[in-house]
Amino acid sequence: MKAGFVNIFGKPNAGKSTLLNGLMGEKMAIVSHKVQTTRHRIKAILTSDEYQVIFSDTPGIIDPKYKLHEKMMQAVKGSLEDADVALLITDAREDVAESHEIFKNLRLKAPVIVILNKADAIKDKAILEEKKNFFEQQEYCREAIVISALKSDGLDILMQRILHYLPEGHPFYEGDDISDLPTKFFVGELIREKIFLLYQEELPYHTTVLVQEYKEKNTLTKISADIIVQRETQKGIILGEGGSMIKKLGTMARKDIEDFISRKVFLELYVKVRPKWRDSDIYLKEYGY
Ligand code: GDP
Ligand code: MG
């Protein structure tokens, strides 16, 4: 049996969360076109008769600008230390230089697979080959693989190569859990994803979600969640004219949550103003960071 930790690193927007979802065949991590959607380290457990792989998706590698960022970077550092295999992912459309600089400085001990993602968005396959060669010549890189996380292209081969490097061992987690985090956490994340989709510019970055109630009733699951913002004006934007925006948000989130837990959901959303929550240790702790 092979068992171990496989950690995904890369710049914001490289496609880490999309890859995690593709490998799991399940929506574990929220995805948006905005950078820094992922705030936590999410562990996803894939178990079969032959292996147990514990993937972790991390927030992108960034320079901390506020306390929430510092917590996010602690999550990245934690992943650096316990990886059995590291997946370093880059957007294949970008120049290799910046990712190369980051990857080189990580000084990982674990075997590294460099992943050139978003191959579907590149017409000229010779360019892909060139970039693949570039990474394979680097000392830190065992091999480079071209994929499209979005289209699930190349994921079978990637999985075979991951298993090749994974050590022999016993499973770390029992049963058929797919994460070490509770369902409540994923529910909050699905709501947060919709905030990234529906609202413009900076607002999603000033917002977090706290699931207050999660109760399984006979025919449905009742969930209530607080949407935390920093200012009154932001509360107004979240609500929208006559509550139109939060209604939309609620409908979209409810559908995804129902898919995730395979049950009917009754969802209540409340908006709360907590000035400067992103810089308050007390609030950050309360909100799970
Ligand atoms: P993360 O910040 O590294 O977790 O990146 P995400 O997984 O959130 O993806 C960032 C954006 O890139 C999203 O809009 C994804 O839909 C998009 N994306 C991810 N993988 C691919 C891919 O293989 N092809 C294309 N065309 N877009 C992708
Ligand atoms: Mg992400």
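Let me begin at the ligand, where a backbone N or O atom of Ala149 lies 3.0 Å from an oxygen atom of ligand 1. I should say at once that what we have here is a predicted model, and that everything I describe this morning should be heard with that in mind.

Staying with the ligand, the residue that follows in my notes is Leu150, which also brings a backbone N or O atom to an oxygen atom of ligand 1, in this case at 3.1 Å. With Lys118 the contact is made through the side chain, a polar atom of which lies 2.9 Å from an oxygen atom of ligand 1. How much of the ligand's area does the protein cover? Taken on its own, ligand 1 has 580 Å² of accessible area, and the protein covers 87% of that.

The shell around ligand 1 consists of 17 residues, and those that come nearest are Asn13, Gly15, Lys16, Thr18 and Asp120. If we sort the shell by chemical character, we find five nonpolar residues, eight polar ones and four charged ones. As for where the shell comes from, its largest share, three residues, is supplied by helix 1, which spans residues 16-24.

Now to the sheets, and I will take the six-stranded one before the other. This is an open sheet whose strands run in the order 2-3-1-4-5-6, and its pairing is mixed. Strand 2 (42-47) and strand 6 (143-146) each have a single partner strand, and therefore each of these edge strands has one side without a neighbour in the sheet. From one strand to the next, the twist averages 25°.

At the strand 6 edge, strand 5, residues 112-117, pairs with strand 6 in the parallel sense, over four bridges. Within that pairing, Ile113 of strand 5 stands opposite Glu143 in strand 6. Helix 4, residues 125-136, packs on this sheet and touches strand 4, strand 5 and strand 6, its direction making about 155° with that of strand 6. Helix 3, residues 96-106, lies across strand 4 (85-91) and strand 5, and runs at about 165° to strand 4.

The other sheet is also open, and is formed by three strands in the order 7-8-9, again with mixed pairing. Its edges are strand 7 (208-216) and strand 9 (265-273), each of which pairs on one side only. Neighbouring strands here are turned against each other by 15° on average, if direction is ignored.

Which strand pairs with strand 9 in the parallel sense? The partner is strand 8, residues 221-229, and the two are joined over nine bridges. Ala225 stands opposite Leu269 of strand 9 in this arrangement. Helix 7 packs on the sheet, where it touches strand 8 and strand 9, and its direction makes about 155° with that of strand 9. Helix 8 packs on the sheet too, touching strand 7, strand 8 and strand 9, with its direction at about 130° to that of strand 9.

These two helices also meet one another, and that is where I will finish. Helix 7 (residues 232-239) and helix 8 (residues 244-261) pack at an angle of about 65°, their axes being 5 Å apart. On the helix 7 side the contact is made by Ile237, Ile238 and Leu239, and on the helix 8 side by Ser244, Met245 and Ile246. In character, the residues of this contact divide into five nonpolar and one polar, with no charged residue among them.

Conventions. Residues are numbered from 1 along each chain as its sequence is written. Chains are lettered from A and ligands numbered from 1 in the order in which they are written. This is a predicted model: local features need pLDDT of at least 70, side-chain atom pairs count only at pLDDT 80 or more; totals for chains, interfaces and linings use all residues. Side-chain values use heavy atoms; hydrogens and water are left out. A residue is near a molecule or strand if one of its heavy atoms lies within 4 Å of it. A polar contact is a pair of N or O atoms within 3.5 Å; within protein, one must be able to donate a hydrogen and the other to accept it, and residues adjacent in sequence count only if both atoms are side-chain atoms. Accessible areas come from the Shrake-Rupley method with a 1.4 Å probe; for residues, only the protein chains shown count as cover. Ala, Val, Leu, Ile, Met, Phe, Trp, Tyr, Cys and Pro count as nonpolar, Asp, Glu, Lys and Arg as charged, and the others, Gly among them, as polar. Axes are lines fitted to C-alpha atoms, for helices over the stretch in contact, and angles run from 0 to 180 degrees between N-to-C directions. Contact means heavy atoms within 4.5 Å. Two strands pair if DSSP finds at least two bridges between them.
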